[in-house]
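Open the structure in your viewer and set it to cartoon display. This tour goes from one selection to the next and says what is there.

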Amino acid sequence: MTKNRVIIYEEAGADPQADVLSVENHHGRTRVRAVAEPAQLVQLVTELIGKGVDRIELCGGFGAVWHARARQAAGGQAEVGAIYYGFESLPGVASYKERFEAGETLSEAFLIVHEGADPEVNRVVRERDTGSTTLVAVPDEASAAAVAGKMAGELQLIELYGAPGPDSAAPVIAAVEAGVPVGVTAWAGASPAGRGRG
């Protein structure tokens, strides 16, 4: 089981030292942090490793190059994964990126599996000029699918964190009837699924 996990995404004007969302119980600790620009990522990863973080997950917006740089910064002292999208989500992701760059109002959700979490309590909405990001911690993958199904009509993108792989993403994709692109954390090398979920 992951004891100390941090999820990182990019948000204009963000303070990388501040927790956007934090869930802590006897199952472990999960926090969400945001960087104002990708260049802050490596320094934040280095700092988090120094503070005992054992697992880091990156938003899909960073891409493979920044995923590789974060892994190098971690130096093997923590697992570093990043959100990637399956083939069924690629048209939706391309549309989202194009619309985001054009300044359209868009909403996305980060669904974060953390055993014992309460999606009604462990929820934060971050508003921005061009939409919102909703972060919701859920106790398991079934709850992630249920939350995704309820929110699907309001969203243009979903990212699923804390899940062991595509088997966890499949119910979420089914819940939104493939109408919203769904990304899931991928890990270089062996998946940490056997080590438990946080």
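**The sheet**

Start with the strands: 10 of them form an open sheet, in the order β2-β3-β1-β4-β5-β10-β9-β6-β8-β7, with mixed pairing. Keep in mind that this is a predicted model.

Next, select β2 (21-25) and β7 (123-128), which stand at the edges. Each has a single partner strand, so one side of each is left without a neighbour in the sheet. Look along the sheet after that: neighbouring strands are turned by 20° against each other on average, direction ignored.

**A parallel pair and a helix**

Select residues 106-113, strand β6, together with residues 157-161, strand β9. These two pair in the parallel sense over 5 bridges. To find one of the bridges, pick Ala109; its partner in β9 is Ile158.

Now add helix α3, residues 90-101, which packs on the sheet. Helix α3 touches β5 (79-85), β6, β7 and β9, and its direction makes about 125° with that of β6.

**The largest pocket**

Turn to the largest pocket, with a volume of about 700 Å³. Which residues are the closest to its centre? Select Glu10, Cys59, Gly61, Tyr96 and Phe100, out of the 22 that line the pocket.

Then colour the elements that give two or more residues to the lining: β1 (4-10), α3, β6, β7 and β9. Helix α3 supplies the largest share, 5 residues.

Finally, colour the lining of this pocket by class: 9 residues are nonpolar, 4 polar and 9 charged.

How values were computed
Residues numbered from 1 in each chain as written. Predicted model: local features only at pLDDT ≥ 70, side-chain atom pairs only at ≥ 80, totals over all residues. Heavy atoms only, no water. Pairing = 2+ DSSP bridges. Helix = DSSP H or I, 4+ residues; strand = E, 2+ residues; numbered from the N terminus. Axes fitted to C-alpha atoms, helices over the stretch in contact; angles between N-to-C directions. Contact = heavy atoms within 4.5 Å. 1 Å grid on protein atoms, 1.4 Å probe; cavity = no way out; pocket = protein on both sides within 12 Å on 5 of 7 lines; lining within 4 Å. Points joined across faces, edges and corners; volume = space filled by probe spheres on them. Nonpolar A, V, L, I, M, F, W, Y, C, P; charged D, E, K, R; others polar.
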